[in-house]
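Colleague: I've got this one open in the viewer and would like a close look at a single part of it. Could you pick a part, go through it slowly and tell me how it sits in the whole?

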Amino acid sequence: MTDSIWRYHDSVERRAGTDLTGYSVEAIDGTVGTVEAQVDEAGAACLVVDTHVWVFGRHVLLPAGVVSSIDHDRGTIYLARTKKDIEDAPEFEREKHIGDDEYRRRLAGHYGAPHS
């Protein structure tokens, strides 16, 4: 497991203090959903995404390392993963998995090292 999956790449324009809630999220092959919450803790940065436009009623936790870029003018976050990668991730239950180290390990194993 690599901790770098839990931080944004240096190439991602992450403006300190910017609230990403409400930004749309795009995988390589289409829309995933909308950011519902974000965690900006060092070594634990991630996004909680409501997939209502894709899979009704499901939320996913995305490590910051899967983000390839952020377009602040458009309010869009682009991922370096496909919708299938996200769909196949371990099931996320907010009440159970926020702050759960074992879930984070499983998720990091699923996504592997961040893509450049």
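Modeller: A word on terms first: helices (H or I, at least four residues) and strands (E, at least two) are DSSP runs, numbered from the N terminus. This is a predicted model, where local features need pLDDT of at least 70 and side-chain atom pairs count only at pLDDT 80 or more, while totals for chains, interfaces and linings use all residues. Residues are numbered from 1 along each chain as its sequence is written, and side-chain values use heavy atoms, leaving out hydrogens and water.

Reading along the sequence, you get β-β-β-β-β-β-α-α-α, so to speak a tally of three helices and six strands. Those six strands make one open sheet with mixed pairing, and the order across it is β4-β3-β2-β1-β6-β5 (two strands pair if DSSP finds at least two bridges between them). At the edges stand β4 and β5 (67-71), and each has a single partner strand, so one side of each has no neighbour in the sheet.

The part I'd zoom in on is the β4 edge. Strand β4 covers residues 59-63, and four of its five residues are buried, so the rest of the structure largely encloses it (buried is under 20% relative accessible area, exposed over 50%, partly exposed in between, with a 1.4 Å probe and protein chains only). So β4 stands at an edge of the sheet, yet is still largely enclosed. Its pairing is with β3, residues 46-50, in the antiparallel sense over five bridges. To see one of the partnerships, click on Val49: its bridge partner in β4 is Val60.

Now go to Cys46, which is found in β3. Cys46 has a relative accessible area of 6%, so it counts as buried. Leaving aside neighbours within four places in sequence, Cys46 is in contact (heavy atoms within 4.5 Å) with Leu61, Leu62, Pro63 and Ala64, and also with Trp6, Gln38 and Val39. Arg58 makes a handy ruler here: it is 12 residues from Cys46 along the chain, and their C-alpha atoms are separated by 16 Å.

One of those contacts of Cys46, Gln38, leads to another spot. Gln38 is also in contact with Thr18, and beyond four places in sequence Thr18 has Tyr23 and His72 as its other contacts. Thr18 lies in the segment before β1, and with a relative accessible area of 18% it is buried too.

Moving across the sheet, β2 (residues 30-39) pairs with β1 (residues 24-27), again in the antiparallel sense, over four bridges. If you want a landmark there, Ala27 stands opposite Gly30 in β2.

Stepping back, here is the setting for all this. The C-alpha trace spans about 35 × 30 × 25 Å along its principal axes, and 43% of the 116 residues count as buried. Take contacts between residues at least 6 apart in sequence, and 55% of them join residues at least 24 apart. The radius of gyration (over C-alpha atoms, the globule rule being 2.2 Å times the number of residues to the power 0.38) is 13 Å, which agrees with the value near 13 Å for a compact globule of 116 residues.
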